[in-house]
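Here are a few exercises to work through with the model open. Try each task before reading its solution.

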Amino acid sequence: MRLLVIEDNARMAALVADGLQRRNFVCDVAHSLTAAEDAMGGATYDAIVLDLGLPDGDGTDWLTSRRKYHEMPPAIMLTARGALEDRITGLDAGADDYLVKPVEIDELAARIRALLRRPGVRIQPVIEVGRLYFDVANRTARAGDQEIDLSRREADLLELLMRHAGTVVHRAVIENALYSFSDPVTPNAIEATISRVRRKLEDAHVTGALHTVRGVGYMLKDNGA
Amino acid sequence: MTDRRSVSRRLKRGLGLIGLVGTFLLLAAVVFFYSFTFAHLDAQAAMARASREMLEHVALPVAILMIPVTVLVLRVIRQAFRPLEEAAAEIEAVQGHERGFRIDNSQMPTEALPFTSAVNDLLARLDEAAKRQEAFAADVAHELGTPLALLSLELDRLEHDDAERLKKDVAAMRRLIDQLMLLAQIDADAVAQIPLAQISLSDVASDVVGAAAPAIIAGGKTIELVTGIHAPVTRGRREAISAALRNLIENAVRVTPAGGAIQVLVGPGASISVRDEGPGLPPDRLRNLVQRHRRADHASKDGAGLGLAIVERIMAAHEGTLETDPDRHELILRFPEP
């Protein structure tokens with residue numbers, strides 16, 4: 001997966017790129033918005049890591065204006081300002097996610113992976129979380145080499161959780177994704193589906209990956225790495 | 001010392017003295033004036049006469065003058081000082097909201113104005129100084145961001161046993177800086193008086209718990225959210241309330257042993273409680289933590305006191321309170337009922 005890191009502090013940019021490379025991303029670095037535009041003319045990126053304050057302009061403004069006319073890969077904004085308002089402006093401007101500097105490379109890498117798992121991001125025939133694989137086209141799942149037999153609804157749920165692996169998926173999101181408006185959702189329906197998926201994962205020796213955050217939602221977590 | 005300072009006591013003493021001196025002088029005048037006339041009368045008749053004369057010409061005038069004067073003077077004094085007492089009570093009551101507070105001069109007697117005006121000027125200068133100090137702290141925190149980021153990135157490359165330990169130190173430093181920035185932000189907001197929005201406490205709690213859960217689960221603990229049927233709302237700033245709850249959850253995670261559970265409870269009323277498996281925080285220790293950023297044994301080494309002080313500031317800005325219930329192991333964010 002190829003990333004573009006746009007950051008004016010050369011040392012910081014090199015360190016971020018280096019850290020991401022060690023986590024199996026391919027990274028290019030641009031020190032200004034002009035350089036970023038040049039780079040994007042010459043290559044296709046899967047995601048952008050964007051610093052807010054750059055010598056030739058503000059990252060937020062750049063992203064907003066570029067989104068209007070160009071197909072843009074998902075962007076993670078890095079903001080040094082811990083300010084509450086700035087985070088929200090960043091997201092409004094079309095950043096898909098933000099991190100407040102100083103960032104942990106592990107966190108950044110995890111967020112990028114999560115972004116890339118989102119629907120509509122390039123063609124992803126297979127979503128991968130640790131030992132778990134989900135084939136989007138065939139709607140089948142396997143753990144390592146072992147097939148996991150899932151009903152349609154269980155498959156939908158597992159896909160949803162895998163796309164958001166490492167973050168808590170709220171119950172309301174699950175309800176909306178799995179049940180249509182006309183479909184009445186009984187309070188236990190989601191729990192029942194979750195426990196069936198959990199049992200099937202455990203049968204496939206994927207244990208302790210599906211977590212319940214009671215009162216909020218569920219999270220699938222890669223226990224391996 | 002207190003005698004010297006009390007105006008009404010000095011006045012009472014002065015009036016008493018005037019009364020005594022007046023009585024003595026009048027007595028002397030009566031004795032001097034009548035001494036010849038009474039010389040021919042027999043002793044008993046003279047005594048009775050003298051007593052009556054003295055009552056009429058000494059005790060009566062002194063009483064008629066002195067009693068109303070005393071009453072009046074004391075009343076004037078009390079009234080003159082009442083606005084000062086009221087101002088003192090206001091100053092006492094304003095604890096925690098000192099920023100921008102001034103003494104109301106409209107009811108002050110002219111004589112007290114120079115003093116209260118000077119106090120107000122002092123308050124203004126203190127506000128200004130506090131603002132400068134906070135802006136400076138925010139600047140420092142901001143400037144520290146880049147070197148700290150570089151440091152943690154360099155540590156990430158370092159494949160050494162010590163690297164993990166150092167990373168933890170850097171992370172603690174980073175949290176501290178985040179807290180400082182947040183503190184500066186709250187005060188900036190309080191000054192700017194940004195209009196408040198209607199906020200559902202359940203929504204805020206759900207978002208914050210969801211965001212905090214992955215790290216808590218990774219740390220081998222669990223967190224859950226308990227909401228009632230009612231959906232309490234409050235007026236406030238969502239990000240600030242989220243930050244307050246985040247800080248309480250961080251605190252709960254810190255004191256809860258491995259394998260323990262943290263509960264976030266919305267309600268009853270407009271409140272959010274965070275229940276941990278720590279020893280419980282007594283009210284006086286919470287007060288210490290909050291007021292002086294002092295750390296109790298309850299907390300560890302990464303700015304817990306500052307975290308709770310920030311929560312308190314956020315709650316004060318929402319006219320709410322941060323409370324503790326040590327028996328239930330809960331810290332409670334209580335918002336005013338809408």
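**Exercise 1.** Which residue of β3(A) does Leu3(A) stand opposite?

Before solving, some ground rules. This is a predicted model, where local features need pLDDT of at least 70, side-chain atom pairs count only at pLDDT 80 or more, and totals for chains, interfaces and linings use all residues. Residues are numbered from 1 along each chain as its sequence is written, chains are lettered from A and ligands numbered from 1 in the order written, and side-chain values use heavy atoms, leaving out hydrogens and water.

*Solution.* Start with β3(A), residues 47–51; strands here are DSSP runs of E with at least two residues, helices are runs of H or I with at least four, and both are numbered from the N terminus. Four bridges pair β3(A) with β1(A) in the parallel sense, where pairing takes at least two DSSP bridges. In β3(A), Ala47(A) is the residue opposite Leu3(A).

**Exercise 2.** Find what β1(A) pairs with in β2(A), and trace the route between them.

*Solution.* First, β1(A) covers residues 2–6 and runs parallel to β2(A), residues 26–30, with five bridges joining them. Next, pick Ile6(A): its bridge partner is Ala30(A). Finally, follow the chain from β1(A) through helix α1, residues 10–21, to β2(A): this β-α-β crossover is right-handed (clockwise from first strand over helix to second, with the strands pointing away from the viewer).

**Exercise 3.** How many residues of β1(A) are buried?

*Solution.* Apply the cut-off for buried, under 20% relative accessible area with a 1.4 Å probe and protein chains only. Four of the five residues in β1(A) pass, leaving the strand mostly covered.

How values were computed. Buried < 20%, exposed > 50% of the residue type's maximum accessible area, 1.4 Å probe, protein only.
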